[in-house]
Amino acid sequence: MNTKNNITWDTRELRNALGSFGTGVTVVTSGNAQSRLVGVTANSFSSVSLEPPIVLWSLVSTSPSLKVFDESGRFVINVLALQQIDLSKQFSRPLEDKFAGVDYSIGLGGLPVIHNCVATFECKTIQRTVVGDHVLFLGQVENYFFEKKTPLLFCQGNYMQVAEALRNN
Ligand SMILES: Cc1cc2nc3c(=O)[nH]c(=O)nc-3n(C[C@H](O)[C@H](O)[C@H](O)COP(=O)(O)O)c2cc1C
């Protein structure tokens, strides 16, 4: 429960309201010196700055993956394609080995880069701040690549796909 204008309202309702904002879907990956790989489905990703190139995402503070993101000081934003909906589901579950059956290679800093994504941003963490119940990561993009593919979308608690483009005027 929380309060809005001194009225109590429930967190589920707030979550539903926030979920009206449609996003893409990413799997944010990292790895530490002990070669422990982590990956978390996240739609909190956003671009922040072009010069220098900076992006952000946030991770719930109770995540068992947090330690590895902190230790490595790096993360990779893997923007999922429509065909990768199963990866989104796989990385949003607390599995022992989230990378089982996943095609990936090792990129900058020894971090896993998932194959066949729409876009990939290899980042160095430049700021880490606890904000409420999440940890906010800001990262400088050190390398990126992308392909013209259809992205996976998420809105109102459902996976979605791009419909036809609307005319701008
Ligand atoms: C579409 C979607 C978006 C999500 N976005 C986030 C996010 O931005 N941050 C977060 O902490 N969890 C997010 N989650 C939940 C995590 O993926 C889930 O809690 C996962 O188990 C976290 O991995 P962990 O168990 O290794 O912490 C999202 C889940 C889905 C399905």
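**Notes on the ligand site and the strands around it**

1. A good place to start is Ser44: one of its polar side-chain atoms lies 2.6 Å from an oxygen atom of the ligand. Please keep in mind as you read on that this is a predicted model. Two further polar contacts are worth a look in the viewer. Lys98 brings a polar side-chain atom to 2.9 Å from an oxygen atom of the ligand, while Thr41 uses a polar backbone atom, 2.8 Å from a ligand oxygen. So that the ligand can be judged as a whole, note also its cover: on its own it has 630 Å² of accessible area, and the protein covers 80% of that.

2. Which elements give two or more residues to the shell around the ligand? They are strand 5, residues 37-42, and strand 7, residues 54-60. The shell holds 19 residues, and those that come nearest are Thr41, Ser44, Ser63, Ser65 and Lys98. By class, the shell divides into nine nonpolar, eight polar and two charged residues. As for the site itself, the ligand takes up the space of the largest pocket.

3. Strand 7 deserves a point of its own, as it turns up again away from the ligand. With strand 6 (residues 46-49) it pairs in the antiparallel sense over three bridges, and Ser47 stands opposite Val55 of strand 7. The connection between strand 6 and strand 7 is a hairpin of four residues. Strand 7 is also joined to strand 12 (residues 134-146), by seven bridges and again antiparallel. In that pairing, Leu56 has Leu138 of strand 12 opposite.

4. Do look at the loop between strand 6 and strand 7, where Pro52 is found. The peptide bond that leads from Glu51 to Pro52 is cis, its omega being near 0°. As background, most peptide bonds are trans, and most residues other than glycine have a negative phi. The second half of that remark matters for the next two points.

5. Strand 12 has another partner in strand 11: the two pair in the antiparallel sense over 12 bridges. Val131 stands opposite His134 of strand 12. How many residues lie between the strands in the hairpin of strand 11 and strand 12? There are two, and in this hairpin Gly132 takes a positive phi near 60°.

6. Asn116 is a residue I would check by eye. Although Asn116 is not a glycine, its phi is positive, at about 70°. You will find Asn116 in the loop between strand 10 (112-114) and strand 11 (119-131).

7. Last, please turn to the open sheet of three strands, whose order is 3-13-14 with antiparallel pairing. Why is one side of strand 3 and of strand 14 left without a neighbour in the sheet? Strand 3 (23-24) and strand 14 (158-161) stand at the edges and each has a single partner strand, so each has one side with no neighbour there. Strand 3 pairs with strand 13 (residues 152-155) over two bridges, in the antiparallel sense. Within this pairing, Thr23 stands opposite Phe154 of strand 13.

Methods. Residues are numbered from 1 along each chain as its sequence is written. Side-chain values use heavy atoms; hydrogens and water are left out. A residue is near a molecule or strand if one of its heavy atoms lies within 4 Å of it. A polar contact is a pair of N or O atoms within 3.5 Å; within protein, one must be able to donate a hydrogen and the other to accept it, and residues adjacent in sequence count only if both atoms are side-chain atoms. Accessible areas come from the Shrake-Rupley method with a 1.4 Å probe; for residues, only the protein chains shown count as cover. On a 1 Å grid over the protein atoms alone, a cavity is a set of points where a 1.4 Å probe fits but cannot get out, and a pocket is an open set with protein on both sides within 12 Å along at least five of seven lines; lining residues have an atom within 4 Å of a point. A molecule sits in a cavity or pocket if more than half of its atoms lie within 2 Å of its grid points. Ala, Val, Leu, Ile, Met, Phe, Trp, Tyr, Cys and Pro count as nonpolar, Asp, Glu, Lys and Arg as charged, and the others, Gly among them, as polar. Two strands pair if DSSP finds at least two bridges between them.
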